[in-house]
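Dear colleague,

I am handing over the structure we spoke of, and I would be grateful if you could look through it with the notes underneath in hand.

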Amino acid sequence: MPNSVARVQHNPGYKPLPHTLINFTAESMCSLLNCKDRPLVNISLPELLLFIERLTERSRINAITGIVALIYVYRLKAKLPPRAQGEYGTSHRIFLSSLLVASKYLYGDEGLNNRAMAEISGVFSTAQVNLMEKEFLGLLDYQVWVNDKEIQDFLEEHKAELCFI
C-alpha cells in the first residue's frame with residue numbers, strides 16, 4: 001500500500017463526513033449532467049451514493065476537502081451546456097477527480113495521489129485516474145484556486161441542504 005494511503009488512512013483525528021454532506025454531494029453529482037442508465041451487464045461501479053460514501057471514508061478526507069471538491073463540481077456545472085450528456089459512470093469519474101484535485105490543492109504532497117485514489121476507488125486503475133484528473137483539470141481550465149470567501153459563500157448558499165440553519 002502506498003505511503004500516502006497509509007498516511008491518510010491512519011489520521012487519528014479522522015471523523016467521517018456528515019451524512020448531510022454526503023447526501024448533498026450525491027444529489028449535486030446527479031444533477032450535474034444527464035447520464036445514460038446503468039447497462040445491464042459487466043459494470044463494476046457501485047451506485048453513486050455508495051461510491052461517494054466509500055471513497056470519502058476510505059480516503060479519510062475532511063469536510064473542507066469535500067466542500068472544495070463540491071466547489072469544483074459547481075464550477076464545472078456552470079461551464080457545461082444545459083443538455084450535456086454523459087456515459088454511465090461519468091458522475092463517478094467527476095467526483096473522484098474533484099476529490100483528488102481538492103486534496104492535492106489543499107495538502108500538496110501530503111494529499112492523495114493518483115495511485116492511492118485508484119486503490120481507494122476499487123474500480124479504476126492508476127492510468128484511468130491519471131486521465132480523469134487531466135480531463136477534469138482541462139474542463140476547469142486549471143482554475144483550482146479557492147479562497148476562504150468562496151468557501152463561506154458556498155456554505156451560505158447551501159446551508160439549508162447541508163443543515164446549517
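The notes below deal with the nonpolar core and then with the enclosed space.

Please keep in mind throughout that this is a predicted model. The largest nonpolar core has 44 residues, and those that touch the most other members are Met 29, Leu 55, Tyr 72, Leu 96, Met 117 and Val 129. At least two residues of this core come from each of helix 2 (19–30), helix 3 (48–59), helix 4 (63–79), helix 5 (90–107), helix 6 (114–121), helix 7 (126–139) and helix 8 (148–157), and helix 4 gives the most, with eight residues. As general background, nonpolar side chains in soluble globular proteins tend to be buried together.

To take one of these core residues in detail, Val 129 is in contact with Leu 96, Leu 100, Asn 114, Met 117, Ala 118 and Phe 124, when its neighbours within four places in sequence are left aside.

As for enclosed space, the structure holds one cavity of 30 Å³ or more, and the largest cavity contains about 40 Å³ of space. Its lining is made up of Leu 17, Leu 21, Ile 22, Thr 25, Ile 52, Thr 56, Ile 61, Gly 66, Ala 69 and Phe 95, with helix 2, helix 3 and helix 4 being the elements that give two or more residues to it. Helix 2 gives the most to this lining, with three residues. By residue type, the lining of the largest cavity divides into seven nonpolar and three polar residues, with no charged ones.

With best wishes

Technical notes
Residues are numbered from 1 along each chain as its sequence is written. This is a predicted model: local features need pLDDT of at least 70, side-chain atom pairs count only at pLDDT 80 or more; totals for chains, interfaces and linings use all residues. Side-chain values use heavy atoms; hydrogens and water are left out. A nonpolar core is a set of buried Ala, Val, Leu, Ile, Met, Phe, Trp, Tyr and Cys residues joined through side-chain atoms within 4.5 Å. Buried means under 20% relative accessible area, exposed over 50%, partly exposed in between (1.4 Å probe, protein chains only). Helices (H or I, at least four residues) and strands (E, at least two) are DSSP runs, numbered from the N terminus. Contact means heavy atoms within 4.5 Å. On a 1 Å grid over the protein atoms alone, a cavity is a set of points where a 1.4 Å probe fits but cannot get out, and a pocket is an open set with protein on both sides within 12 Å along at least five of seven lines; lining residues have an atom within 4 Å of a point. Grid points are joined across faces, edges and corners, and a volume is the space filled by probe spheres set on the points. Ala, Val, Leu, Ile, Met, Phe, Trp, Tyr, Cys and Pro count as nonpolar, Asp, Glu, Lys and Arg as charged, and the others, Gly among them, as polar.
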